[in-house]
Amino acid sequence: MLWIFNSDSRKKILYSVIIFIFSISINQYYGNLGVCPIDSFWFFNSGYDALNGYYPFKDYWTIAGPFITITQSIFFMLLGVSWFSYVFHASIFNFLISISTFYTLHKFKLSLNYSLLYALLISILAYPSAGTPYVDHHASILSIISIFCFVLALRTNLKIYWFFLPIILALSFLTKQTPSAHIFIIISFLSMVYFSFNFDLSKILYGALGSLVIISLFFIILLL
């Protein structure tokens, strides 16, 4: 029922669909061009192991955080163990960074057309360089999204961004500690500066609630 929205809303929905189709398709294409024997199969193997009850750190050592492995096991569970579902995992993250860029640029009053253009360019540069899930790409994408979330929290004054900020940072850290830890330190410092001049207990509570949620989920997953 698109007619219930104004023209600007319909345009945003249309552009979001375009970004989804393009960002998914381009990474699916490049993810099927070829493989690097070590890097390309890294999380295919670990995701398959997690699907069958063998988890990182508990059953084997890994230099990467557990987030990609657990996420890949979910993709395998939902879509089946296949190369398509493996590449599709990376494609979804390619879409996430693309749509986040589109949304953030539009919030900074850039026109929808230019926001779409830059989002599509990001989708070409972001994940297709690897094609398959890779620790550096995941961590970088989540770190960039956390920066988007932080600047939008400052610009829009919406408290919900403070809730999601620690969750995204934690997921990034559980993927790879660099650059996640660096981004966390920078955002924490800037947040302290911001609240020193613009103290708002409700925003702090939203951030604390987000932190509590992700910490609780982390320990629940460990127990399970």
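This briefing covers a nonpolar surface patch, a helix span and some unusual backbone geometry. The model is predicted. A nonpolar patch of about 770 Å² lies on the surface. Backbone points to check include a cis peptide bond from Thr178 to Pro179 and positive phi values at Lys109 and Asn157.

**Nonpolar surface patch**

- Tyr48, Leu51, Ile74, Met77, Leu78, Leu79, Val81 and Phe84 make the patch.
- Its area is about 770 Å².
- Two helices, α2 (42-51) and α3 (67-79), each supply at least two of the patch residues.
- Helix α3 gives the largest share, with four residues.
- Leu79 is a patch member and sits in helix α3.
- Leu79 counts as partly exposed because its relative accessibility is 41%, between the 20% and 50% cut-offs.

**Helix α4 and the residue after it**

- Helix α4 covers residues 83-107, a run of 25 residues.
- At 1.5 Å a residue, α4 should span 36 Å, and its end C-alpha atoms are 36 Å apart, so the two values agree.
- Lys109 comes just after α4 and takes a positive phi of about 70°.
- Lys109 lies in the loop between α4 and α5 (112-125).
- Lys109 has 69% relative accessibility, so it counts as exposed; the cut-off is over 50%.

**Other backbone exceptions**

- Most residues other than glycine have a negative phi, and most peptide bonds are trans.
- Asn157 departs from the phi pattern: its phi is positive, about 70°, although the residue is not a glycine.
- Asn157 belongs to the loop between α6 (135-156) and α7 (160-173).
- With 45% relative accessibility, Asn157 counts as partly exposed.
- The peptide bond from Thr178 to Pro179 is cis, and its omega is near 10°.
- Pro179 is placed in helix α8 (residues 177-197).

**Phe218 and its distance to Asn157**

- Phe218 is in helix α9 (residues 201-223).
- The relative accessible area of Phe218 is 33%, so this residue is partly exposed.
- Along the chain, Phe218 and Asn157 are 61 residues apart.
- In space, their C-alpha atoms are separated by 28 Å.

How values were computed: Residues are numbered from 1 along each chain as its sequence is written. This is a predicted model: local features need pLDDT of at least 70, side-chain atom pairs count only at pLDDT 80 or more; totals for chains, interfaces and linings use all residues. Side-chain values use heavy atoms; hydrogens and water are left out. Patches are made of residues with over 30% relative accessible area and no salt bridge: like charges are joined within 9 Å, nonpolar side chains (Val, Leu, Ile, Met, Phe, Trp, Tyr) within 5 Å. Accessible areas come from the Shrake-Rupley method with a 1.4 Å probe; for residues, only the protein chains shown count as cover. A salt bridge is a side-chain nitrogen of Lys or Arg within 4 Å of a carboxyl oxygen of Asp or Glu. Buried means under 20% relative accessible area, exposed over 50%, partly exposed in between (1.4 Å probe, protein chains only). The expected span of a helix is 1.5 Å times one less than its number of residues.
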